[in-house]
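Biologist: I would like to learn how to read the empty spaces and the packing in a protein model. Can we work through one together?

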Amino acid sequence: MRRREALRNISTFVAVMATRLGYGAIAEAQQKAKVPKIGWLAAGSAALATLLDGLRKELGTLGYVEGKNMAFEIRSADDKFDRFPSLAAELVRLKVDVLVVSSTPGALAAKNATNTIPIVFLGVSDPVTVGLVDSLARPGGNITGVTNIAPVLAGKRLELLKETVPKLSRVALLWDPQAPGSTQQWKESQLPARALGLQLHSMEVSSADKYQSAFKEAIKARSAGLAVTQNPLAGSNRKQITDLATKFRLPSIFASGNSVDSGGLMSYGPDRAEAFRRAAVFVDKILKGTNPADIPVEQPMGFE
C-alpha cells in the first residue's frame, strides 16, 4: 500500500513538473513571438540608410533594441514608384505590427494595401489633400504621421534664394510630376514667384537619367538659380543634382540639409531629427495599444 502511494506521489510530482516545464516552454515561445515587427517602406535605396538610422536611433532612446525587442522588415522601391503596391502588399503578408513609410507614394500604397495594420508616415507634404487622412486633428482609419508641410515652405525657399542673389530673375524649379507632394510644391511656388518678380522654368524630372538634359534645358531658358522640391527621387539623387548645379553654376536651395552636405548652396526645411523623434513616439504608442486614428498628425515645429 505504501509503495503504491509513493509511486502515485511520484507520478503526480512528475506530471506537475512536466506541466510546469511545458507551460514554461510555451511562455518562452510566446515571449519570443511577441517581438514586434516594424515594416519600413522606403522610396529609394540611396537615402534608405540615413532615414532608417534616424528612426532606429530614436526608437533606441525609447528602449527598443533591434534583435532583442524589435525587428525590422525593410523594403525599398529603388525610386520606381510602380513597385510600391507590391512591396506594401509583401509587408502586409509578413504581418508586421506597424508599417512606417517615408514618402507620399509609399504612404498611399500602404493605405491601399491594408486597413488594419497601423501606418506611420514621414515625408508627406499634405496628407489631407492626397487623401491619406480625414484631417490632421482626426486622421481616421489606420494611419497617422508627421507632415513636412513642403508646399507651404516652397515660397520661403524662393524668397531666401532671391535674398541671396538679389539680381535673380529666372529660377529653374526642379520637381517630379509623379510625386504628389512635389506637384503641390510646384503649384504653390507660382504665386510667391510672381510676388518676388521671378520667372520660373519648370524642370520636370521623373527619372534620374533625365537630370543632365533637364539642367541643359534650364540653362537654355536662361535660368540663373535653382530651387529643388522635396521629393523622393531628388532625395535619392541629391549628389548628382548638387554636382550638376555646380557644373552649370546655378546657386541652389533645397528642402533638406543633406543636400548642402552633398555640395548644395543652402537649404530650408523642417528639422529632420525632430520628425524622426515624433515618428518613433508614434510607433511606440501604437505598439503599446494606441489606435492611429486617435493620434493627430503633427506638423513640424522646428526648422533649419
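Modeller: We go from the whole chain to its cores, then to its cavities and its pocket. Keep in mind that this is a predicted model.

Biologist: Let us begin with the whole chain. How many helices and strands are there in the chain?

Modeller: The chain has 11 helices and 10 strands. It holds 304 residues, and 46% of them are buried. Its accessible surface is about 15,100 Å², with 53% belonging to carbon and sulfur atoms.

Biologist: What do the contacts say about residues far apart in sequence?

Modeller: Take the contacts between residues at least 6 apart in sequence. Of these, 68% join residues at least 24 apart.

Biologist: Now the packing. Which residues touch the most other members of the largest nonpolar core?

Modeller: That core has 24 residues, and those touching the most other members are Leu41, Phe84, Leu99, Val101, Phe121 and Leu132. Four elements each supply at least two residues of this core: helix 3 (84-93), strand 3 (98-101), helix 4 (104-113) and strand 4 (119-124). Helix 3 gives the most, with five residues. There is also a second, separate core of 23 residues, which includes Leu52, Met70, Phe276 and Phe282.

Biologist: Take Phe84. What is Phe84 in contact with, leaving aside its neighbours within four places in sequence?

Modeller: Phe84 is in contact with Leu41, Ala42, Ala43 and Ala77 on the earlier side of the sequence. On the later side come Ser103, Pro105, Gly106 and Ala109.

Biologist: On to the empty space. How is it found?

Modeller: A probe the size of a water molecule is rolled over the atoms, and this shows where empty space is left. Here, a search of the whole structure finds two cavities of 30 Å³ or more.

Biologist: How much space lies in the largest cavity, and which residues lie nearest its centre?

Modeller: The largest cavity holds about 710 Å³ of space. It is lined by 41 residues, and Leu51, Gly123, Asn148, Gln230 and Arg272 lie nearest its centre. By class, the lining has 18 nonpolar, 19 polar and four charged residues.

Biologist: Asn148 is on that list. Why does Asn148 count as buried or exposed?

Modeller: The cut-off for buried is under 20% relative accessible area. Asn148 has 9% relative accessibility, so it counts as buried. Asn148 lies in the loop between strand 5 (143-147) and helix 5. Not counting residues up to four places away in sequence, Asn148 touches Gly123, Val124, Ser125, Leu153, Gln230, Pro270 and Pro300. Asn148 and Asp126 are 22 residues apart in sequence, and their C-alpha atoms are 7.9 Å apart in space.

Biologist: And which residues line the second largest cavity?

Modeller: The second largest cavity has a volume of about 50 Å³. Its lining consists of Ala154, Arg157, Leu173, Gln185, Ser189, Ala227, Val228 and Thr229. Helix 5, helix 6 and strand 8 (225-228) each supply at least two of these residues. The classes are four nonpolar, three polar and one charged.

Biologist: That leaves the pocket. What is the volume of the largest pocket, and which residues are closest to its centre?

Modeller: The largest pocket has a volume of about 150 Å³. It is lined by 13 residues, and Ser125, Asp126, Pro151, Val152 and Gln184 are the closest to its centre. Helix 5 (150-164) and helix 6 (180-195) are the elements that give two or more residues to this lining. Helix 6 gives the most, with three. The lining divides into six nonpolar, four polar and three charged residues.

Terms used:
Residues numbered from 1 in each chain as written. Predicted model: local features only at pLDDT ≥ 70, side-chain atom pairs only at ≥ 80, totals over all residues. Heavy atoms only, no water. 1 Å grid on protein atoms, 1.4 Å probe; cavity = no way out; pocket = protein on both sides within 12 Å on 5 of 7 lines; lining within 4 Å. Points joined across faces, edges and corners; volume = space filled by probe spheres on them. Nonpolar A, V, L, I, M, F, W, Y, C, P; charged D, E, K, R; others polar. Buried < 20%, exposed > 50% of the residue type's maximum accessible area, 1.4 Å probe, protein only. Contact = heavy atoms within 4.5 Å. Areas by Shrake-Rupley, 256 points an atom, 1.4 Å probe, with all protein chains shown as cover. Core = buried A, V, L, I, M, F, W, Y, C linked by side-chain atoms within 4.5 Å.
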